[in-house]
Every structure is written in structure tokens, then in C-alpha cells.
Amino acid sequence: MVFQYPMISVQACLDGILLGILFALIAYGMALQWGVMNIINIAQGDLVILGGYIAYFMYLYGIHPAWGVIISPIIMYFVGVGLYKLVINKVVDRDLFISILATFGISILFMQLMNFAFGADVVLANSGYGTTFLFDSAVVLPNSKIFSAFISILFAICLVIYMKKSKLGRAIRATAQNARAAKILGVDTEKVYAATFGINAALCGVAGALISITFTIHPYMGLPYTIRSFMIVIVAGLGNLPGVALSGMGLGVFEEFADYILGTEFRIGAVFLLLVLILVYRRFKLSRKREYLK
Amino acid sequence: MNKNLILYAAILIFGVSAPFIFPAFKVQLSILCVLIVLALTWNIQGGEMGYNTFGNILFYGLGMYLCASVQVGMFFPLAEWTESGGEKTFVHTPAQFFQGMAMGLVVAAVVPTIVAGLIGYAILGLRGHYFAICTLGLGVAAGEISGGIEIIGAGQGFTTPPFPDVGGLESRGEFFYLLSFVALVLTFIVVRAIYFTRFKLILNAIRDNEDKAEAMGIQTMKYKIIGWMISAFFCGLAGGIMGGLVGYIDSTDVAFDGREMGVFMVLMAILGGKGTLWGPVIGATVFHIFKEGFWTFFLGWQYVALGVLIVVIVIYFPEGIMGWLREKYPERFGEVIDEADRKAQVELK
């Protein structure tokens with residue numbers, strides 16, 4: 001099918017790339033907290049969905065959902081800092097499995113609270129941006145997808161500049177390199193951790209708002225986003241930004257093709273299976289040198 | 001030793017007579033047995049071997065589907081059964097039901113073991129959190145994929161054969177209770193037997209420092225795979241029994257239910273105390289009582305409670321009940337504490 005109808009392939013590629021940029025934004029947040037605080041946050045996807053609901057509610061109250069891109073990260077920043085103060089600060093220096101399990105608990109909690117607050121329906125915020133037709137209408141691209149990819153890139157660039165130039169950004173990078181040394185040199189690591197988690201949550205908020213415009217949101221859809229961002233991070237490595245962007249796009253394209261070839265019902269399954277395959281592949285590659293994934 | 005024997009005999013007698021003493025709680029007691037089996041087998045993995053898995057749900061769900069499929073497929077065409085919603089078109093005679101169940105349980109236990117052996121070499125090479133996330137992915141992928149397969153009911157679910165009309169109204173509950181209790185006793189005997197072998201020491205060595213264990217000449221991969229296969233065997237068995245007990249299999253809500261059962265087994269083992277024989281048993285019992293109480297009185301809020309419970313247990317109570325007891329009464333665990341040495345160490349800290 002893919003070769004018989006080349007336009008479908010073009011469509012899938014473009015869709016996948018636009019989608020992948022969004023994934024890369026979430027994965028960037030994941031890489032940030034993993035690198036700085038050494039925790040793996042299973043609730044990442046649920047933060048995304050929560051951000052999406054904020055945009056959706058603005059849409060319900062008559063505000064254009066695109067403003068959610070600005071409002072949602074501000075709210076999510078405080079959600080993230082609050083979450084850090086309540087739970088995450090107790091798992092930072094512990095075993096990684098503790099952080100996985102604790103954030104798994106948070107994820108379940110968030111899922112159910114969102115289910116109570118917003119209902120179990122699949123919703124989307126209609127942006128009314130129309131669609132673009134390419135190649136004699138053979139390829140259909142909703143403008144909202146292009147908009148979301150553009151905004152994602154904008155936020156990513158802003159964040160990179162912020163991390164390079166600002167005082168907090170430097171403090172975050174110093175803490176990531178060596179928390180103890182940073183502490184000795186007068187960096188308040190507690191504050192840095194809180195800010196990192198807040199920034200991560202804010203990124204999730206942006207991504208969530210964009211997802212609520214371009215795709216659909218549902219309280220239980222968080223885990224796939226976590227797994228996608230985890231997958232992107234392990235493929236790209238921590239702190240490798242072009243790698244994150246590229247592997248995000250690759251994942252997006254893979255998903256679209258899986259969707260076309262295998263059918264929509266196997267889409268999420270294919271993502272999770274790809275994660276297993278990537279990990280196993282890396283494991284075999286490293287075991288030749290008698291090493292293992294660290 | 002004598003005291004232990006009396007204890008085990010008392011538990012055995014209590015276990016066999018429990019459904020007749022509390023007839024209203026038969027289903028709950030059977031579920032408790034299954035939960036204890038799952039916690040015990042998770043403990044071999046997470047507690048003794050140090051490989052924290054979310055993926056044992058894979059074997060549990062596999063066992064569930066296999067048992068039901070064999071039970072139906074031995075006598076009737078499977079595709080038509082699932083299409084018609086099961087029991088309406090075909091009826092098992094009692095003999096067929098029990099034969100199917102027996103055969104199904106054998107398959108449900110053996111096939112996951114083989115699967116564990118096959119994928120073990122690839123998956124168990126991962127360590128720490130990579131292993132945890134990879135097994136999480138396996139469990140969810142299995143759920144999503146089985147939800148797309150037509151012959152086992154796809155999204156609409158799979159009705160297991162209804163219990164045949166023998167021996168009155170109570171017989172279904174009693175049958176499944178005894179079945180799960182036998183599975184529990186079997187699991188406990190095997191796990192307890194493991195506790196007195198070199199195998200358990202090797203697993204502990206892998207947990208404490210795998211590189212050193214390898215350097216000591218232990219073929220760690222072999223033992224890891226064997227450990228996982230033992231887990232898979234009993235998980236599959238428990239899944240098969242649970243499938244018959246629930247009577248209805250759904251891919252993501254019953255069989256590969258990573259959000260419930262997959263987390264429960266981790267939580268129960270941690271609540272009771274990882275790496276102890278009795279920890280998972282106690283943890284599962286406490287957890288089940290708590291869970292049922294909460295599920296009944298705060299219906300709808302159960303997942304909120306579950307989420308909070310996970311966070312609280314993991315952060316504030318990672319040693320579990322057995323760990324707490326051990327701290328409090330070290331003599332009971334055969335540990336001798338040199339008071340002067342302890343004080344010296346406290347001062348050093």
C-alpha cells in the first residue's frame with residue numbers, strides 16, 4: 001500500500017514529522033529532569049494531558065485555545081513546583097526505581113482526578129485554523145499541526161537560549177554536572193530542582209495545549225506520551241538536543257506508518273513494542289563489548 | 001522447627017476450612033490467594049534478584065487467555081465462541097469443563113514459562129530502570145496487541161465458560177477457592193524450598209552486585225532466566241485461575257491490567273517487605289483488606305486512594321512491614337546486636 005500510493009507515504013511522513021516535533025518537546029522536558037535530578041517521571045504524560053485540559057477549558061469558556069500555549073505553561077509551572085515540594089524532593093537522591101514507582105502512583109492519581117474533573121470523554125479544542133492542501137489535494141495538512149510544530153520549535157529555541165544565558169539556566173546546568181560541587185559554590189540546589197521540575201511541567205503544559213488543538217485528549221492517554229519521551233531520550237541520549245529533535249521526528253514518522261500499515265488499533269502497541277525492541281537492540285550491541293545500559 | 005510445623009499446619013487447616021467458615025467471602029478469599037501468589041512470584045524477581053519488573057503481568061494475562069482459549073478450543077470452535085459472546089451457543093458438560101480447566105491450567109502455566117525463557121535472554125540483559133521501563137512497555141504492548149486480535153475477542157472481551165451445574169449454588173466458589181488455595185500452597189512450597197538453596201544465594205548475589213557475582217564465576221544470565229521462568233510459571237497459573245474466577249476477560253482491564261494488577265503485585269511485595277519469605281504474604285493480605293474496604297466504601301475514589309497509597313508506601317515505607325518488624329525485634333529474626341558496636345556506629349553517623 002505504501003508503495004502503490006506514494007502520496008500516502010508523503011502524507012504519513014509530513015504528519016509524522018509535525019507530530020514528532022511535539023514529541024521532541026515533551027522528551028526535552030524528560031531529558032532535562034532526568035539529567036538534572038536523575039529521576040524518571042512516569043507522570044510526564046499525565047502532566048501533558050493536564051496541560052491540554054487547561055487549554056480545552058479556555059476553549060469551553062470562549063477564549064481561543066491557542067492562548068493556552070501561554071496560559072497553560074504558567075499554571076503548569078506552579079503545578080510542577082507544588083508536585084516537587086510534595087513528593088519529588090523525597091525521591092531525588094534515591095534509587096531510580098523508587099522514582100519510577102512513586103511517579104507511577106502520581107500518574108494513577110492524576111488520571112483519576114482528571115477523570116473526575118473533566119469526564120472520561122475524548123475531547124479536542126477546535127482552533128478553527130482550517131487546512132492546507134498540497135499536491136492537488138492529495139496531501140491534507142491541518143494548519144493547527146503546522147502551528148503546533150512552529151510553536152514547539154519556538155519554545156525549544158527559547159528554552160535553549162534561556163539555559164545558556166540566564167543565571168538559573170547556568171545553575172541548572174551546573175547542578176546537572178555535579179550537584180555537590182554546585183552546592184559548594186553557592187547554588188541552592190533545592191531551588192534549582194524545583195525550578196527544573198517546574199520548567200519540565202511548563203513544557204508539558206505547552207505540549208498539552210498544542211495536543212488539545214491538533215489531536216484529542218483523554219484522561220487515560222498519558223502513559224503513551226511518557227513512553228514516547230522516554231524512548232526518544234534513550235535513543236538520543238541526555239543533553240543531545242538535535243538528537244532529541246531527530247529521533248522525535250523519526251518516532252512520529254514510524255507511528256504514522258504503523259497507523260497506516262497495521263491499523264489504528266495497533267498504534268499504541270507498536271509504540272510500546274518499538275521501545276522494547278530499541279532497548280533489546282542496544283542491549284545486544286553493548287553486550288558485545290561486555291557492557292550494559294547505564 | 002516444631003513451632004513452624006504447628007504454624008504451617010494451623011494455616012493449612014484454616015485455609016482449607018476458610019470457605020466454609022466465611023461462605024460470603026469465598027470469591028474475596030480466592031482473589032487473595034491469587035494476589036499472594038503474584039506477590040510471592042514478584043518477590044523472587046524484585047526482592048531476591050533485584051530486577052524490579054512491571055512485566056509479570058504479561059505472564060498473568062497470557063495465562064488467563066491461554067487457559068480460557070484451551071478450555072473452549074478443546075471442544076468448540078474458538079472463533080465462533082468469541083463472536084457469539086460465548087455461552088449462548090455452546091454449553092460445556094461438567095466433564096468437559098473440568099477436563100478443559102485442567103488442560104488449560106497446564107498450558108497456562110507452561111507456555112508463559114517457555115515465553116519467559118525465550119525472551120529472558122534479551123530482556124534480562126537490561127539492568128535497573130531500563131529493565132523496569134522495558135517490562136512496563138512489554139506489559140502494555142501485550143495488552144494493546146491482544147486487544148486487536150479477533151479470535152480472542154479483541155476489544156469486546158472473551159467470556160470464559162460458565163461453571164457447569166453441579167453440586168448446588170455454592171460449588172463454583174468452593175471449586176475456585178480450592179483451586180487458588182492449592183496454587184498458593186504449591187507456590188509457597190516452591191518459594192520456601194528455594195529459600196534454602198544455593199539458588200537463592202545466587203539471586204541475592206545478583207541483586208547486591210551483578211558484576212562481582214559474574215566475576216566470582218556465576219553464570220548470572222542462566223540464573224536470571226531460571227528465576228524469571230519460575231515467576232512466569234506461577235504467574236500464568238494464577239492468571240488462568242483468575243480468568244475462570246472473573247468469568248470475563250478483557251485485554252486491558254482484566255488480563256494485561258498494568259494499572260491495577262501489574263502495580264498491585266509490586267506494591268504488595270514492597271508493603272510486606274521485599275526479599276523476605278513472609279513479607280509478600282503479609283503485604284498481600286493487608287493490601288487486599290485495605291483495598292476491599294476502600295473499594296466498597298469510597299467507590300470511584302479507589303484509584304485516587306491507590307495513587308496516594310503507592311506514593312506513601314514507596315516514599316515513607318520502602319522497607320515494608322517485615323523490615324519494620326526486623327528493625328523493632330531483631331532478635332526474632334536471629335540477628336544478634338552488639339549494643340556497644342551499635343552505639344559506636346550511631347555516633348559515627
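The following exercises, each with a worked solution, concern helices and a chain contact in a predicted model.

**Exercise 1.** Find what end-to-end span helix α6 of chain B should have at 1.5 Å a residue, and compare this with the distance between its end C-alpha atoms.

*Solution.* Begin with the extent of the helix, since α6(B) runs over residues 128-146 and thus holds 19 residues. The expected span is 1.5 Å times one less than the number of residues, and for α6(B) this gives 27 Å. The end C-alpha atoms of α6(B) are 27 Å apart, which agrees with the expectation.

**Exercise 2.** Determine which helix of chain B gives the most to the side that touches chain A, and describe the residues of that side by class.

*Solution.* Start from the contact as a whole, to which chain B brings 33 residues and chain A brings 35 residues. On the side of chain B, at least two residues each come from α5 (94-123), α6, α12 (261-272) and α14 (302-316). Of these, α6(B) gives the most, with twelve residues. By class, this side of chain B has 22 nonpolar, eight polar and three charged residues. As for burial, 17 of the 19 residues of α6(B) are buried.

**Exercise 3.** Describe how α3(B) and α5(B) cross, and which classes of residue make their contact.

*Solution.* Take the geometry to begin with: the axes of α3(B), residues 56-73, and α5(B) come within 8 Å and cross at roughly 145°, and the crossing is right-handed. Next, list the partners, which include Phe59(B), Leu62(B) and Gly63(B) from α3(B), and Gly100(B), Met101(B) and Pro112(B) from α5(B). Lastly, sort the contact by class, which yields 16 nonpolar, four polar and no charged residues.

Notes. Residues numbered from 1 in each chain as written. Chains lettered and ligands numbered in written order. Predicted model: local features only at pLDDT ≥ 70, side-chain atom pairs only at ≥ 80, totals over all residues. Helix = DSSP H or I, 4+ residues; strand = E, 2+ residues; numbered from the N terminus. Buried ≥ 20, exposed ≤ 12 C-beta atoms within 10 Å, placed from the backbone. Contact = placed C-beta atoms within 7 Å. Nonpolar A, V, L, I, M, F, W, Y, C, P; charged D, E, K, R; others polar. Axes fitted to C-alpha atoms, helices over the stretch in contact; angles between N-to-C directions. Left-handed = near helix turned anticlockwise from the far one by under 90°.
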